[in-house]
Amino acid sequence: MTSPDLERFRAALPASGRLVLCTHRHPDPDGLGAMVGLQHLLEEGLGLEADLVLEGRIRRAENLAMRRLLDIQAMPKGKVDPECYDGVLVVDSQPGFTHTYPPGALPILAVIDHHEPPPGTDPPPPERFVWVDPDYGATSTMVYDLMKGLRVEPDQRVATALFCGVRYDTNDLARGATPQDEEAYLDLLRRADRKILAAIDHPALTRDYFRQMAEAIRCCRIRGPLLITLMGEVTSPEAVAEVADWFVRLEGNQWSLAGGACDGRYQVSLRTDMPGTDAYPVLKAILEPEGSCGGHGRMAGGQIPLTELGLDEVRALVERRAIEVLGLQEVEPRPLAEPRETEAACPPPPSAPAGGGTR
Ligand SMILES: [Mn+2]
C-alpha cells in the first residue's frame, strides 16, 4: 500500500493556471467522485482552477442521479481550448487504456488510479506525477488520502461525491476494501448528505427501463447452471450489465450471461456466484477471437463488433460458445419465468363504474 508523494504532486503542477480533469469513457461513480474531489482539492489546497471533461454518456439511473443531484458540471472534450489550460489530470484510469483518451494537445501532468497499469506501456515522462496503486479499493479513496495529506477538508457535496465512489467500487466495503477505504468510507459517510445518498440509491426509473427489464425476463433461458439472456437492441451497455447482475440473484448458484446490441457492438456481461469460479476466462473463451473482454473475480464484460457479423449471427455464436464452454450441450433450455398452470396472473382492469353500482 502506498501513500501519495505530496512534494512530487505539487512539483508536477503549475503554480497558477487552469487544468482539465478527465477519466475513462462512460464515467462511473468512482471516476465522478474522484474528479469532484480532485477539483475541490486543487482549488482549496493549491489555488488551481480545474474543469471536468466527461466522455461517453452516463446512462445508469443511479449515476445520472449522482451527476444531477451533486450538480457535476462538465464540458465536452471538443470544447477544450488548449490555449486556456496548462495540462490534464487523469483519474480512475490511465492514458494507455483503450477506453481513455485525454484531450490531445495538452500535457498529462498527473495520473491517479487503482487499476493495474495496461501492459506494454512506455514509462511516463519523469516530470509527471503517477500514483497508481491497485491495492486501493477506489480512486476516490486515493483522492481522499491526497486531500488529507494536503490538509484540505471536503465540504458536504464533495464528501457525498467521494463517498459514492468508495461505496460503488468496494460494494460498500465488501469487495477489495483496504483499511484506507474503510476509513474514507466511514469519515465521508459522516460528512455526506444522507438525503442525496438515498435519492441516488433509489433513482426514478424511466418506462424504457421497465420495458427493457420485461424484455430481459422474456428472453432469459435457463440451461442447467447457466442463465442466458441474449437480447436485441438495448438502451445502453449498462442495461446489459444490470440484467446480468439482476439474474445472478436467482436462488441457487449460477452463471448469468447477458447480451445486447448498442452503438454498433454486441455488449456481453457475465456474472457468477458459483463457488470457486472466475468469470473472465469463461467470457474470454466465449468472445474471442471475434470480440474482447475484461474483468476479474465474479464479473466480466466485453463486446463483439457488429461489423463482420450481424446481430443474429453474434447471438447464435455467443449462445453456442457459452453452451460449449460450460459443457451444457445435453441440457434443454427452459424459460426463467415459466407461465403459471392457470394463466390468471393479472386480473382484467376495472371497467368504468356503472351508475348506481354498489361500492
Ligand atoms: Mn475505480
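In the predicted model, helix α3, which spans residues 61-69, has N63, M66 and R67 as buried residues. These three residues lie on the same side of α3, because the arc they cover around the axis is only 95 degrees. The buried residues of α3 are covered by elements that include α2 (29-46), α5 and α7 (194-201). Just after α3, the backbone at D71 adopts a positive phi of about 50 degrees.

Of the elements that cover α3, helix α7 can be described in further detail. Two packed helices are described by the angle between their axes and the distance between the axes. For α3 and α7, the axes come within 8 Å and cross at roughly 150 degrees; since angles over 145 degrees count as roughly antiparallel, the two helices are therefore roughly antiparallel to each other. On the side of α3 the contact is made by E62, A65, M66 and L69, and on the side of α7 by I196, A199 and I200. By residue class, the contact of α3 with α7 comprises six nonpolar residues and one charged residue, with no polar residue. M66 thus appears both among the buried residues of α3 and among the residues that make the contact with α7.

The loop between β2 and α3 contains G56, which is partly exposed, as 13 other C-beta atoms lie within 10 Å. Leaving aside neighbours within four places in sequence, the contacts of G56 are with R25 and H26; for R25, which is 31 residues away along the chain, the separation between C-alpha atoms is 5.0 Å. Strand β2 itself (residues 49-53) includes V53, and this residue counts as buried because it has 20 C-beta neighbours inside 10 Å, the cut-off for burial being 20 or more. Not counting residues up to four places away in sequence, V53 touches V20, C22, A74, M75, K77, V80 and P103. By contrast with these contacts, the C-alpha atoms of V53 and D208, which are 155 residues apart along the chain, are separated by 28 Å.

A15 is located in the loop between α1 (6-12) and β1 (18-22), and with 9 other C-beta atoms within 10 Å it is exposed. Although A15 and L48 are 33 residues apart in sequence, their C-alpha atoms are 7.9 Å apart in space.

In soluble globular proteins, nonpolar side chains tend to be buried together. In the present model, the largest nonpolar core has 51 residues, and those with the most contacts inside it are L21, L38, L89, V143, L162 and L188. Helix α5 (residues 156-170) gives the most to this core, contributing eight residues. Among the residues with the most contacts in the core, L89 touches L19, L21, L38, L109 and A110 when residues up to four places away in sequence are not counted. A second core, separate from the largest, has 35 residues and includes L230, V248, L257 and L326.

At the level of the whole chain, 11 helices and 12 strands are assigned, and the C-alpha trace spans about 75 × 65 × 40 Å along its principal axes. Of the 359 residues in the chain, 40% are buried. Among contacts with a separation of 6 or more, 64% are accounted for by residues 24 or more positions apart.

Note on methods: Residues are numbered from 1 along each chain as its sequence is written. This is a predicted model: local features need pLDDT of at least 70, side-chain atom pairs count only at pLDDT 80 or more; totals for chains, interfaces and linings use all residues. A nonpolar core is a set of buried Ala, Val, Leu, Ile, Met, Phe, Trp, Tyr and Cys residues joined through C-beta atoms within 7 Å. A residue is buried if 20 or more other C-beta atoms lie within 10 Å of its own, exposed if 12 or fewer, and partly exposed in between; C-beta atoms are placed from the backbone. Helices (H or I, at least four residues) and strands (E, at least two) are DSSP runs, numbered from the N terminus. Two residues are in contact if their C-beta atoms, placed from the backbone, lie within 7 Å. The arc is that of the directions from the helix axis to the C-beta atoms. Axes are lines fitted to C-alpha atoms, for helices over the stretch in contact, and angles run from 0 to 180 degrees between N-to-C directions. Angles under 35 degrees count as roughly parallel, over 145 as roughly antiparallel, 65 to 115 as roughly perpendicular and the rest as oblique. Ala, Val, Leu, Ile, Met, Phe, Trp, Tyr, Cys and Pro count as nonpolar, Asp, Glu, Lys and Arg as charged, and the others, Gly among them, as polar.
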